[in-house]
Amino acid sequence: MLKQRGLIVSDEDTALKQLASISYFRLASYWRLFEADTTTHQFANGTRLEDIISLYNFDKELRSIIFTAIQDIEVALRTRIIHFFSLGHGAFWFMDASKFSNRTIFQTCIDNIQNELNRSREEFLQEHFARYDSPSMPPVWKTLEVVSFGNLSKLYANMKDTNVKKEVARSMGLPKYDYMESWLRSLTVLRNCCAHHGRVWNRRFPAMPQLPARLPLAWVDTSCVRPMKLYAQLCTILYLEQSIVPNSNIRQQLLRLFADYPDISLRKMGFPRGWETEPLWNATTH
């Protein structure tokens with residue numbers, strides 16, 4: 001059927017193996033970009049299955065790099081939230097509804113935390129529950145270790161103490177906690193997309209990060225950046241990495257990936273002209 005629609009398949013045995021491992025509709029989200037007619041699904045002249053598979057592989061490798069980077073950010077954020085909020089509010093602040101702005105969001109977070117504690121098989125939690133039965137949850141430095149990135153983001157955004165929120169944000173190079181909240185929302189969506197193997201290349205994301213014109217660490221010119229595209233989120237990841245893992249090679253991995261797939265359009269990910277010379281992306285500025 002794909003051949004009838006104009007797709008060039010040079011090696012049918014390989015094509016059959018690929019389609020046996022990558023479902024039709026997963027690949028369809030990539031080959032739609034090659035269609036000349038989205039109603040009849042006819043392919044543009046010269047479209048090869050190899051081009052579609054190449055785009056799929058690029059996106060898979062890109063997701064892997066992004067997911068690893070967000071793991072760095074998640075672990076660092078978790079550690080700093082625990083540190084700064086505990087200094088100001090003790091070991092069980094996350095259980096105190098009076099410390100949060102929205103009671104409904106607070107209750108949802110608590111329910112999610114309880115479920116995550118119930119599911120966890122971490123030894124340090126099992127040892128804790130074997131020794132203590134009150135309060136109902138362990139102190140924050142144990143409990144928050146098993147909380148999801150999304151729940152962590154909601155806890156931070158819902159916390160009333162803006163001074164502590166500022167401390168957390170500044171420890172990660174952001175002068176305002178509003179930026180931190182915005183970036184965490186967008187990165188949560190991106191992380192979930194990567195975790196469920198969703199396409200990230202050329203996707204438009206509903207949760208968009210705020211893009212300040214200036215920041216204390218190496219940053220980019222945001223005047224031509226579209227916040228709904230992946231470039232904006234990659235910039236936030238690289239920016240946060242500067243305050244987390246100074247020797248991180250995430251930027252080098254991305255640049256290497258782009259070099260390995262020279263035919264893949266970076267423009268469709270929102271990369272503006274001259275992005276290579278931006279301080280955040282330029283190796284000579286690091």
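**Exercise 1.** Is asparagine 202 buried or exposed?

*Solution.* Before starting, note that this is a predicted model, where local features need pLDDT of at least 70, side-chain atom pairs count only at pLDDT 80 or more, and totals for chains, interfaces and linings use all residues. Residues are numbered from 1 along each chain as its sequence is written, and side-chain values use heavy atoms, leaving out hydrogens and water.

Step 1: find asparagine 202 in the loop between α9 (177-195) and α10 (230-242); helices (H or I, at least four residues) and strands (E, at least two) are DSSP runs, numbered from the N terminus.
Step 2: its relative accessible area is 15%, so asparagine 202 is buried (buried is under 20%, exposed over 50%, partly exposed in between, with a 1.4 Å probe and protein chains only).
Step 3: check the backbone too, as phi of asparagine 202 is near 65°, a positive value in a residue other than glycine.

**Exercise 2.** Now place histidine 41 and describe its exposure.

*Solution.* Step 1: look in the loop between β1 (35-37) and β2 (42-43).
Step 2: histidine 41 is not a glycine, yet its phi is positive, about 65°.
Step 3: with a relative accessible area of 28%, histidine 41 is partly exposed.

**Exercise 3.** Which residues does the cis peptide bond join?

*Solution.* Step 1: go to the loop between α5 (123-131) and α6 (140-143), where proline 135 is found.
Step 2: the cis bond joins serine 134 and proline 135, with omega about -5°.
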